[in-house]
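Student: I would like a close look at a single part of this model, followed outward into its surroundings. Please take one side chain and explain its setting with care.

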Amino acid sequence: MRNTARWAATLGLTAVTVCGSLTGPALAAPAAAPTSLYAPSAFVLTVGHGDSAATVDVARAVTLNCAPTPSGTHPAAARACAELRAAGGDLDLLAGPGGAVCTKQYDPVVVTVSGVWQGKRVAFERAFANECVKNAAVSSLFAF
């Protein structure tokens, strides 16, 4: 009976040792899951008077978040995000000339867009001849 008890105790401890090491990782906390199913799309847009972003003082700045829902301080966030999606994130398409008639006064305005579009880094700068030309762009993205 003594050998049977020892044998059972040894077998039990061996089973706990072997099986315990197998179940340890299974009981560990799972890896952190992503907090969102959407790739980030968020920008800071600035505007200032001057020839280039390097020399201009920022007059206004707004934020724009497009994923998962449009938000930010941009006055037309939903429309700007919809236009960005339609253009595939190509800011050059959105900065094209609109149909408005503007004076030929040269008072340059520089717009910058910095941030992330669908997980990819974006850095954009465009100089417009004046405020009217900037506001006449085909997109509401630059109307702030």
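Is Lys 134 buried or exposed, and what is its relative accessible area?

Tutor: Lys 134 is buried, its relative accessible area being 0%, where buried means under 20%, exposed over 50% and partly exposed in between, with a 1.4 Å probe and protein chains only. This is a predicted model, in which local features need pLDDT (the predictor's confidence in each residue, from 0 to 100) of at least 70 and side-chain atom pairs pLDDT 80 or more, while totals for chains, interfaces and linings use all residues. Residues are numbered from 1 along each chain as its sequence is written, and side-chain values use heavy atoms, without hydrogens and water.

Lys 134 belongs to helix H4, residues 131-135; helices (H or I, at least four residues) and strands (E, at least two) are DSSP runs numbered from the N terminus. Its side chain comes to 2.7 Å from the backbone oxygen of Phe 142. Phe 142 is also among the residues in contact with Lys 134 (heavy atoms within 4.5 Å), as are Val 47, Arg 60, Val 109, Val 111, Phe 128, Ala 143 and Phe 144, when residues up to four places away in sequence are not counted.

Phe 142 leads on to the largest nonpolar core, which has 25 residues; such a core is a set of buried Ala, Val, Leu, Ile, Met, Phe, Trp, Tyr and Cys residues joined through side-chain atoms within 4.5 Å. Phe 142 and Leu 141 are both among the residues with the most contacts inside this core, as are Phe 43 and Leu 45. Two or more residues of the core come from each of S1, S2, H2, helix H3 (91-94), S3 and S4. Beyond four places in sequence, Leu 141 touches residues including Leu 45, Leu 64, His 74 and Glu 83.

The four strands make an open antiparallel sheet in the order S2-S1-S3-S4, two strands being paired if DSSP finds at least two bridges between them. Strand S2 (57-65) and strand S4 (120-128) stand at the edges with a single partner strand each, so one side of each has no neighbour in the sheet. Eight bridges join strand S1 (residues 42-49) to S2, and eight join S1 to S3, where Phe 43 has Gly 115 as its bridge partner.

As for confidence, the protein chain has a mean pLDDT of 79, with 74% of its residues at 70 or more, but over residues 3-19 pLDDT stays under 50. Where pLDDT is low, the predicted coordinates should not be read in detail.

Conventions
A polar contact is a pair of N or O atoms within 3.5 Å; within protein, one must be able to donate a hydrogen and the other to accept it, and residues adjacent in sequence count only if both atoms are side-chain atoms.
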